[in-house]
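Trainee: I'd like a close look at one part of this model, starting from a loop and working out to whatever else stands out. Take your time with it.

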Amino acid sequence: MTKALDGIRIIDFTHVQAGPACTQLLAWYGADVIKVERPGSGDITRNQLRDIPGVDALYFTQLNSNKRSLTLDTKKQEGKEILEKLIKTSDVMVENFGPGALDRMGFTWARIQELNPKMILASVKGFSEGNAFEDLKVYENVAQCAGGAASTTGFWDGPPTVSGAALGDSNTGMHLAIGILTALRMRDQTGRGQKVSCAMQDAVLNLCRVKLRDQLRLDRTGILEEYPQYPIREDGKYGKFTDAVPRGGNAGGGGQPGWVLKCKGWETDPNAYIYFTIQGQNWANTAKAIGKPEWVEDPAYATAAARQDKIFDIFGYIESWLADKTKFEAVDILRKYDIPCAPVMSMKDIENDPSLRASGSIVEVEHKARGKYLTVGSPIKFSELTVEITGSPLLGEHSDEVLASLGYDAQQVARLHQEKVV
Ligand SMILES: CC(C)(COP(=O)(O)OP(=O)(O)OC[C@H]1O[C@@H](n2cnc3c(N)ncnc32)[C@H](O)[C@@H]1OP(=O)(O)O)[C@@H](O)C(=O)NCCC(=O)NCCS
């Protein structure tokens, strides 16, 4: 079957999460992604957090499906020559090494262009070129702190908090994938490649733009009326405004108040909660759903402004209504009233969710050493493209076939193995 990115060859010179997430996405959609890894050890995630001794860790398998693996020591002269051959015959090279590592290896942007003017070089770094922190190595949580996510996440009486979602890593990889597709389209028009880069700080910030919106509002008015800190209370129970956007707990980020509410069983199940949104335009339905039809017309409750100073009392009341309902039962009732809500899904719920399996958002794939394992499938669905997720490659599984495609005969390949170039 034709895949969208058939014919695009990508040198996947990435490791850990940000880069691999980018190239995995492109591999799903049909690109030939050749993961270049250090002989003997490979991507560090093959070894990190292993659940089966001697078998590639799930960290690796979840981020490297649909790829081929070539081991190559690019610090050895012959390794460099092989990489040069690959550059001449590929469309894109993706890398996320620490600042300056690719240059130190001898593959500056100028050199890459010399080898292949059509090449697209795509990089992830922690910070953008010229940034005051550009020399720093960066991991996920560092980026969340630098990009504005951590200072705006958590509760007013707790420290800056990082999210469980990979806002720094996979999110940057997705941004970079968009950059690569854009550069490929531009290359169709100009015939030239280009350098594409995405900084983790910037990718996090791009997801925090509503928090910058809030900073500008706070600068002007001194309050943010949708945050728990408003209305301003003498006792500061829900925190106080300073000159920076505060942490709003579980408050809705837009104009619709919402909160995470306890359901039946919360005392023992840490995920027995739903997210409940009080949508202004749906107030009549909301009041009826929770058994308070008299609140529809009551001037003390009828408008968003009237509800504002008692919003936590309203949420408290809704929790008492939820006390005898599981999170799934509650959502089944609330969906009939058009209330924007969902159960808080634990990872256990997600692992077993039939809808996610049916849609291919969670898939089971085969791995040569591990057997079957679950992974997250394509979150993007197409009407004309079937995405098939395959297992991740073993270290160096495709070295010989890639070398053969570059013109090396069996004897030369054997020597390269012997000399630990591959
Ligand atoms: C993630 C990160 C912190 C890891 O740091 P690290 O493990 O110290 O690795 P680095 O990328 O800095 O260095 C890799 C080294 O391995 C070398 N290397 C990588 N692949 C190689 C290969 N196939 N053969 C030989 N050497 C190789 C590089 O040349 C570099 O060597 P040098 O530092 O002597 O020049 C760092 O790579 C980084 O900041 N990356 C950019 C931001 C990023 O993507 N972070 C997200 C990670 S999810």
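Mentor: Let's start with Pro 231, which sits in the loop between helix 9 (209-221) and strand 7 (258-262) (helices are DSSP runs of H or I with at least four residues, strands are E runs of at least two, numbered from the N terminus). This is a predicted model, so local features need pLDDT of at least 70 and side-chain atom pairs pLDDT 80 or more, while totals for chains, interfaces and linings use all residues. Residues count from 1 along each chain as its sequence is written, and side-chain values use heavy atoms, leaving out hydrogens and water.

What's odd about that loop is the peptide bond between Tyr 230 and Pro 231: it's cis, with omega at about -5°. Another backbone quirk turns up at Asp 338, where phi is positive, about 65°, although the residue isn't a glycine. You'll find Asp 338 in the loop between helix 13 (327-334) and strand 9 (341-343).

Now the ligand. It has 24 residues around it (a heavy atom within 4 Å), and Arg 38, Lys 75, Gly 98, Lys 137 and Val 138 come nearest. Gly 98 also shows up among the polar contacts (N or O pairs within 3.5 Å): one of its backbone N or O atoms is 2.7 Å from a ligand oxygen. Asn 96 brings a polar side-chain atom to 3.0 Å from an oxygen of the ligand. On the nitrogen side, a polar backbone atom of Thr 74 lies 3.1 Å from a ligand nitrogen.

Then there's the packing around helix 7 (residues 170-190). Its axis and that of helix 1 (residues 18-28) come within 7 Å and cross at roughly 50° (axes are fitted to C-alpha atoms over the stretch in contact, angles run from 0 to 180 degrees between N-to-C directions). The two helices are therefore oblique to each other (under 35 degrees is roughly parallel, over 145 roughly antiparallel, 65 to 115 roughly perpendicular, the rest oblique). Helix 1 makes the contact (heavy atoms within 4.5 Å) with Ala 18, Ala 21, Cys 22, Leu 25 and Leu 26, and helix 7 uses residues including Gly 173, Leu 176 and Ile 180. The split there is ten nonpolar, two polar and no charged.

Helix 7 also meets helix 8 (residues 200-207), their axes coming within 9 Å and crossing at roughly 95°. That makes helix 7 roughly perpendicular to helix 8. Here Asn 171, Thr 172 and His 175 of helix 7 meet Met 200, Ala 203, Val 204, Asn 206 and Leu 207 of helix 8.

Conventions: Ala, Val, Leu, Ile, Met, Phe, Trp, Tyr, Cys and Pro count as nonpolar, Asp, Glu, Lys and Arg as charged, and the others, Gly among them, as polar. A polar contact is a pair of N or O atoms within 3.5 Å; within protein, one must be able to donate a hydrogen and the other to accept it, and residues adjacent in sequence count only if both atoms are side-chain atoms.
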